[in-house]
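Colleague: I'm a first-year student looking at this model, and I'd love a close look at just one part of it. Please pick a helix by the bound ligand and walk me through its surroundings.

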Amino acid sequence: MSSNSSSPVVETGSVATPSGDPRGSITLRDVTQTYGSGADAVTAVGPVDLEVPAGEFLVLVGASGCGKSTLLRLIAGFEPATSGQVEVSGGVPVPGVTSGVVFQQPRLFPWRTVGGNVDLALRYARIPKAERATRRDELLHRVGLDDTADRRIWEISGGQQQRVAIARALAAETSLLLLDEPFAALDALTRERLQEDLRAVSTDSGRTNVFVTHSADEAAFLGTRIVVLSRRPGRVALDLTSPLPRTGATPDELRGSPEYAALRAEVSAAVKEAAAAER
Ligand SMILES: Nc1ncnc2c1ncn2[C@@H]1O[C@H](COP(=O)(O)OP(=O)(O)OP(=O)(O)O)[C@@H](O)[C@H]1O
Ligand SMILES: [Mg+2]
């Protein structure tokens, strides 16, 4: 298990953008998403208005079924919104181009090696064949998986598989990374370790992150901004800027601080209140 390795999930600086650069920014204007029609219609999300500047680490929190994954799919461009506008980096979102996605389950190709999974993503990202081996090794190094390129997916742990999924999402060098409960299936120690790596490296990478979770702890630890969604149809119930510092404090200091405890409590209370509220 790589939870005691010292390598970061993602190294800093790979997609740094000058301030004011819209790459990775998100704009949602009056967005709704409805599935089905007539009496069977289910409105999953909205209306939602949200402006996410480049470089922000936005955490979306809310009860099960409130529309978090739906919102992420709209931002990824996997499906068009029923109404309203979704813009990423000032334009229409295109899957694999405007953002990389890490799903709850790693969704790797089990018949390929670790390196083979990353190679495929590089091929999709149209990285020239001659550059792929070097890029693959760089990416595996970034996620703390040196010397694993030839291993089979079933030979590595769940935490390592999630790291491969992150490497794969980074292969396209998108300025926006979307993560849908990526650490939910992991044991507590591995989960904390990956949270720490992700927080540390996102701080000065310039990349924008949208991270979905049920956990108030995870939201308080990771986010520069935390948005709590109401129950379905998901709307913005609370929009908070984190007071926690991004640098200068160790993870243990952060988790032990009164500011973290207060933020976690505020998020937790808001999630419960939003889930219970009458519409
Ligand atoms: N393709 C679809 N067709 C019909 N209904 C859908 C579809 N996708 C989502 N829904 C419905 O929209 C609502 C929101 O679903 P979504 O998956 O976005 O919730 P979530 O907040 O991600 O939940 P969880 O925390 O359990 O993952 C749910 O009621 C779900 O059943
Ligand atoms: Mg979901």
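Modeller: Let's follow one helix, from its own residues to the ligand, the core and the strands around it. This is a predicted model, in which local features need pLDDT of at least 70 and side-chain atom pairs count only at pLDDT 80 or more, while totals for chains, interfaces and linings use all residues. Residues are numbered from 1 along each chain as its sequence is written, with chains lettered from A and ligands numbered from 1 in the order in which they are written.

Our helix is α1, residues 68-76 (helices are DSSP runs of H or I with at least four residues, strands are E runs of at least two, both numbered from the N terminus). Eight of the nine residues of α1 are buried (20 or more other C-beta atoms lie within 10 Å of their own). Among them are Lys-68, Thr-70, Arg-73 and Ala-76. Right after the helix comes Gly-77, whose phi is positive, at about 90°.

Now turn to the ligand. Ligand 1 is surrounded by 13 residues (C-beta atom within 6 Å). Ser-69 and Thr-70 are among the closest, together with Tyr-35, Ala-44 and Ser-64. Helix α1 gives the largest share of this shell, three residues, and β2 is the other element that supplies two or more.

Next, look at Ile-75 in α1, which is buried. Ile-75 is one of the residues with the most contacts inside the largest nonpolar core, a set of 64 residues (buried Ala, Val, Leu, Ile, Met, Phe, Trp, Tyr and Cys joined through C-beta atoms within 7 Å). Helix α4, residues 158-170, gives the most to that core, with six residues. Beyond four places in sequence, Ile-75 is in contact with Ile-26, Val-86, Val-88, Pro-93, Ser-99, Leu-178 and Val-210 (C-beta atoms within 7 Å).

Several of those partners lead us to strands. Ile-26 stands opposite Val-52 in β2, and seven bridges join the antiparallel strands β1 (26-35) and β2. Together with β4 they form an open, antiparallel sheet in the order β2-β1-β4 (strands pair if DSSP finds at least two bridges between them). Its edge strands are β2 (42-52) and β4 (83-88), each paired on one side only.

The other two strands to find are β6 (176-180) and β7 (208-213), which run parallel over five bridges. Both belong to a six-strand open sheet with mixed pairing, in the order β5-β6-β7-β3-β8-β9.

How values were computed:
Buried ≥ 20, exposed ≤ 12 C-beta atoms within 10 Å, placed from the backbone. Contact = placed C-beta atoms within 7 Å.
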